[in-house]
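Colleague: Before I use this model, I would like to go through the terms in its description one by one. Please set each value against its cut-off.

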Amino acid sequence: MLSLRKFLNGLSCLFSRPTPHPLHVQWFITSKCNYRCRYCGVWRQPPTRELGLEEVKRGLDILRELKVVELVFTGGNPLLRSDLAEILKYACERFPLVSVYDNGSLAWRRVKDLKYADVVCVSLNTLNPSLQDWMNGVQGAFQSAVKSIEALKAEGISVAVDVTVSRLNLNEIPSIIEFFGSRDVSVILSLYTDFSQPEGLITIGYPEPSAALEDREALLSLLSQVRSLKKAYPVHFDDEALQVLQRYFEGCLNGWRCKALSSFFVVDQLGKVSGCHLTPPVASLQSLPEAWKSEAFRKLRGKYAGCKGCLYLCYLAYSLLDSPGKLAAYSLRYEAYRVRRLFGGKPRITNAFMG
Ligand code: SF4
Ligand code: SF4
């Protein structure tokens, strides 16, 4: 006879929410940066310590234990770390997809180190050299980014250009997509925001009035242009995320439930873990395996699910992986990628979901 305990256990399994599986992690591996971007708060912070190589490796082991799928190294500029090649190599042996960001200043000098990454993302916001230099606060930034993209391509490394859409380049986005797309370079779009929050983990956004995106009509028009350009060029902007954003700019706020600390989370240069870079740290890497299953994390997930505190497209894309069907499609895509990798293939993608 079925005991009461078994019956209750069965019921709790049926109705309990399973612990989510983290798919995507952004690791701000250093806060050091050699650029002075006008809309960025990172370089304005006082310098801090960062984890050493062995500590980073231990952190990577923990992330692997949690079965993280995609890992992004960002900063600051991760290429300012002299041990980056070793970090990338260690990570690539453990995670299905590893990407790394450069602001364009250093990749051309470090192509050999970057060969371990699956994808290198170079930030570039305009085809106008003087505007790019002004945005980065550094003379020669445009030329350096172009040189980096060419050097990576010449070495056979998958490269994507990361473009932050702001008022300064809004009208130029279609030309940027065509320019790079026709040269077989993928384009990732992010929206400029200054949602910096004092208690957040990393202060990326910084108020720059000339960059503020305020014209909803212009944004809606851009989104529909991106939709058609996607048919011809490799633009990493998930279709569903595009629709959600279109509805958002039309006034509908309910298109997604944020999956911070479920599908994705972020880690800072000291190994502190947070749902996203705008929310406060809630664990250390060491304590993460326990914390991940905890009641405190379950409550935080519920709180973040109702948050509409930002419009970062990467967070939005992973928040939209919200049904068993989509997760199955995501896993299948990774299987295909894993098989390709076994035979020495490199992906032309920045991540499996948006690729
Ligand atoms: S946006 Fe990136 S490259 Fe520019 S200062 Fe900030 S961290 Fe550095
Ligand atoms: S919506 Fe999600 S990713 Fe954005 S600030 Fe809120 S918790 Fe963070």
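**Strands, cores and ligand shells**

Modeller: C121 in β4 stands opposite A160 in β5. Keep in mind that this is a predicted model.

Colleague: What makes β4 and β5 paired strands?

Modeller: Pairing takes at least two bridges between the strands. β4 and β5 have 4 bridges in the parallel sense, so the pair qualifies under that cut-off. β3 and β4 also run parallel, joined by 4 bridges, and there Y101 has C121 as its bridge partner.

Colleague: Which strands does V163 help to link, and over how many bridges?

Modeller: β5 (residues 159-165) pairs with β6 (residues 186-191) over 6 bridges, again in the parallel sense. The bridge partner of V163 in β6 is L189. Beyond its neighbours within four places in sequence, V163 is in contact with L124, N125, I173, I176, V187, I188 and L189.

Colleague: Why are β7 and β10 called edge strands?

Modeller: The open sheet has 10 strands in the order β7-β6-β5-β4-β3-β2-β1-β8-β9-β10, with mixed pairing. β7 (235-236) and β10 (283-284) each have a single partner strand, so one side of each has no neighbour in the sheet.

Colleague: Why is β4 described as largely enclosed?

Modeller: Because 5 of the 5 residues of β4 (residues 119-123) are buried. V119, C121 and S123 point one way and V120 and V122 the other way, and all are buried.

Colleague: How do you know whether V68 is buried or exposed?

Modeller: The cut-off for buried is 20 or more other C-beta atoms within 10 Å. V68 has 22, so V68 is buried. V68 is found in the loop between α2 (53-65) and β2 (70-74). Leaving out neighbours within four places in sequence, its contacts are P22, V25, L63 and F95. V68 and H21 are 47 residues apart in sequence, while their C-alpha atoms are 7.5 Å apart.

Colleague: What makes the buried residues of α3 line one face of the helix?

Modeller: They are L84, I87, L88 and A91, in a helix that spans residues 84-92. Seen down the axis of α3, these residues fall within an arc of 95°, so they line one face. They pack against α2, β2, β3 (97-102) and α4 (111-114).

Colleague: What is in the largest nonpolar core?

Modeller: That core has 86 residues, and those with the most contacts inside it are L71, V120, V122, V161, V163, V187 and Y315. Helix α12 (residues 313-319) gives the most to this core, with 6 residues. Another core, of 8 residues, lies apart from it and includes C37, Y39, C40 and A211.

Colleague: How do the residues around ligand 1 divide by class?

Modeller: The shell has 6 nonpolar, 4 polar and 1 charged residues. Gly counts as polar, so G75 and G76, which are among the residues around ligand 1, fall in the polar class.

Colleague: And which residues surround ligand 2?

Modeller: They are C258, A260, G275, C276, L278, T279, Y304, C307, K308, G309, C310 and Y315. By class, this shell has 8 nonpolar, 3 polar and 1 charged residues. Lys counts as charged, so K308 belongs to the charged class.

Colleague: What share of the protein is buried?

Modeller: Buried residues are 42% of the 355 residues.

Note on methods:
Residues are numbered from 1 along each chain as its sequence is written. Chains are lettered from A and ligands numbered from 1 in the order in which they are written. This is a predicted model: local features need pLDDT of at least 70, side-chain atom pairs count only at pLDDT 80 or more; totals for chains, interfaces and linings use all residues. A residue is near a molecule or strand if its C-beta atom, placed from the backbone, lies within 6 Å of it. Helices (H or I, at least four residues) and strands (E, at least two) are DSSP runs, numbered from the N terminus. A residue is buried if 20 or more other C-beta atoms lie within 10 Å of its own, exposed if 12 or fewer, and partly exposed in between; C-beta atoms are placed from the backbone. Two residues are in contact if their C-beta atoms, placed from the backbone, lie within 7 Å. A nonpolar core is a set of buried Ala, Val, Leu, Ile, Met, Phe, Trp, Tyr and Cys residues joined through C-beta atoms within 7 Å. The arc is that of the directions from the helix axis to the C-beta atoms.
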